[in-house]
Amino acid sequence: MEPYLLANTSVLVTGAAQGIGLAIASALAVRGASVGIVDLKGAEAAAESLTAQFPNQSFAGYELDVRDAEAVTGAVASFVAEFGSIDVLVNNAGTAARIGIDEITAGQWQRDLDTNLGGTFNFIKAAVHPHMLDAQAGAIINISSISGINGGAVSEGDAGARSGPAYAASKGGIIALTKWVAKEYGRRGIRCNSVAPGPVESALTVGQSYDTSGQAIDRMGTPSEIAEAVAYLASPGASFTTGQILRIDGGAVMS
Ligand SMILES: NC(=O)c1ccc[n+]([C@@H]2O[C@H](COP(=O)([O-])OP(=O)(O)OC[C@H]3O[C@@H](n4cnc5c(N)ncnc54)[C@H](O)[C@@H]3O)[C@@H](O)[C@H]2O)c1
């Protein structure tokens with residue numbers, strides 16, 4: 001097989017104004033993709049910055065809330081009108097309420113569920129029906145977390161990092177949704193996989209103190225180490241890969 005590039009590939013990445021999402025957008029752009037950046041704010045600035053770095057490719061920013069199904073459908077339709085197709089969708093936008101069951105409010109619980117799982121659902125629905133089905137082609141990559149596999153970090157008191165119950169449940173939901181979508185649409189040319197990061201340096205983990213000593217690679221990951229896995233799953237090199245949960249976690253979880 002030829003080494004792959006992503007020229008003539010149109011990609012939409014959510015939560016891509018910063019952190020892991022921006023690293024994903026950059027890793028796909030460096031391989032030749034044109035990229036739409038979705039975020040609450042900063043999406044247009046990120047798109048302008050990528051345009052300056054890759055002047056022969058197209059970039060656009062969409063500032064919206066992934067929980068807003070109507071806005072999502074509108075943005076996907078605008079993206080397809082401008083870029084011609086949606087070949088790859090990366091669902092990366094996420095929030096994490098690091099609050100235990102005793103203290104988490106219904107609103108905090110709902111926010112993580114609606115953003116992480118609901119936002120992923122909204123974008124899959126808008127991208128697949130009708131665009132990817134019309135094309136009989138597409139690759140979807142959902143960013144879950146090892147929290148969705150093992151429940152995440154739990155610490156007593158203020159020391160150490162902690163995950164939250166809504167975060168873990170939403171990420172576990174993304175893993176199940178990924179497999180459902182892979183089974184439902186695989187015969188119609190659409191692949192769906194998930195990347196499950198371990199602890200990664202980003203705004204989401206600032207101030208959290210992770211104990212990585214149990215990992216085979218004893219350190220936090222970087223956003224670009226997650227992005228490399230997404231680039232593989234987005235590429236023709238992954239043409240026989242669907243329904244998989246690819247853990248990029250320094251060996252934190254092994255099975
Ligand atoms: N950093 C880690 O250790 C880690 C580990 C496992 C999984 N993840 C996942 O990786 C993804 C990216 O996280 P990150 O670490 O880069 O954090 P981050 O906070 O830097 O980035 C998250 C992005 O999502 C955007 N976002 C949040 N809610 C949104 C909404 N309702 N609508 C649109 N955009 C919204 C934010 O504005 C932000 O730009 C998340 O899904 C996160 O759960 C991160």
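The sheet, the helices packed on it, the ligand shell and two backbone features of this predicted model are described below.

The sheet is open and consists of seven strands, arranged in the order E3-E2-E1-E4-E5-E6-E7 with parallel pairing. Its edges are strand E3 (59-63) and strand E7 (245-248); each has a single partner strand, so one side of each is left without a neighbour in the sheet. On average, and with direction ignored, neighbouring strands are turned by 15° against each other. Within the sheet, strand E1 (residues 10-14) is paired with strand E4 (residues 88-91) in the parallel sense, and the pairing comprises three bridges. Leu 12 is placed opposite Leu 89 of E4.

Two helices were found to lie across sets of three strands. Helix H3 (residues 69-83) lies across E1, strand E2 (34-39) and E3, and its direction is at about 160° to that of E2. Helix H6 lies across strand E5 (138-143), strand E6 (190-197) and E7, and runs at about 160° to E6.

H6 is also in contact with another helix. The axes of helix H4 (residues 106-135) and helix H6 (residues 165-185) come within 8 Å, with a crossing angle of roughly 15°. Angles under 35 degrees count as roughly parallel, and H4 is therefore roughly parallel to H6. The crossing of H4 past H6 is right-handed. On the H4 side, the contact is formed by Gln 108, Trp 109, Asp 112, Leu 113, Asn 116, Leu 117, Thr 120, Phe 121, Ile 124 and Val 128. H6 contributes Ala 166, Tyr 167, Ala 169, Ser 170, Lys 171, Gly 173, Ile 174, Leu 177, Val 181 and Tyr 185. By class, the residues of this contact comprise 13 nonpolar, five polar and two charged.

A second helix pair is formed by H1 and helix H7 (residues 223-234), whose axes come within 8 Å and cross at roughly 50°. At this angle H1 is oblique to H7. The crossing of H1 and H7 is right-handed. Gly 19, Ile 20, Ala 23, Ile 24, Ser 26, Ala 27 and Leu 28 make the contact from H1, and Pro 223, Ser 224, Ile 226, Ala 227, Glu 228, Val 230, Ala 231 and Ala 234 make it from H7. The contact of H1 with H7 contains 11 nonpolar, three polar and one charged residues.

The ligand is surrounded by 26 residues, of which Gly 15, Gly 19, Gly 94, Ser 202 and Leu 204 come nearest. The shell contains 12 nonpolar, 11 polar and three charged residues. Helix H1 (residues 19-30) gives the most to this shell, with three residues. Gly 19 is among the residues that come nearest to the ligand and also takes part in the contact of H1 with H7.

Two backbone features were noted. The peptide bond from His 129 to Pro 130 is cis, and its omega is near 10°. Pro 130 is located in helix H4. In the segment before E1 lies Asn 8, a residue other than glycine with a positive phi, near 60°.

Terms used
Residues numbered from 1 in each chain as written. Predicted model: local features only at pLDDT ≥ 70, side-chain atom pairs only at ≥ 80, totals over all residues. Axes fitted to C-alpha atoms, helices over the stretch in contact; angles between N-to-C directions. Helix = DSSP H or I, 4+ residues; strand = E, 2+ residues; numbered from the N terminus. Parallel < 35°, antiparallel > 145°, perpendicular 65-115°, else oblique. Left-handed = near helix turned anticlockwise from the far one by under 90°. Contact = placed C-beta atoms within 7 Å. Nonpolar A, V, L, I, M, F, W, Y, C, P; charged D, E, K, R; others polar. Pairing = 2+ DSSP bridges. Near = placed C-beta within 6 Å.
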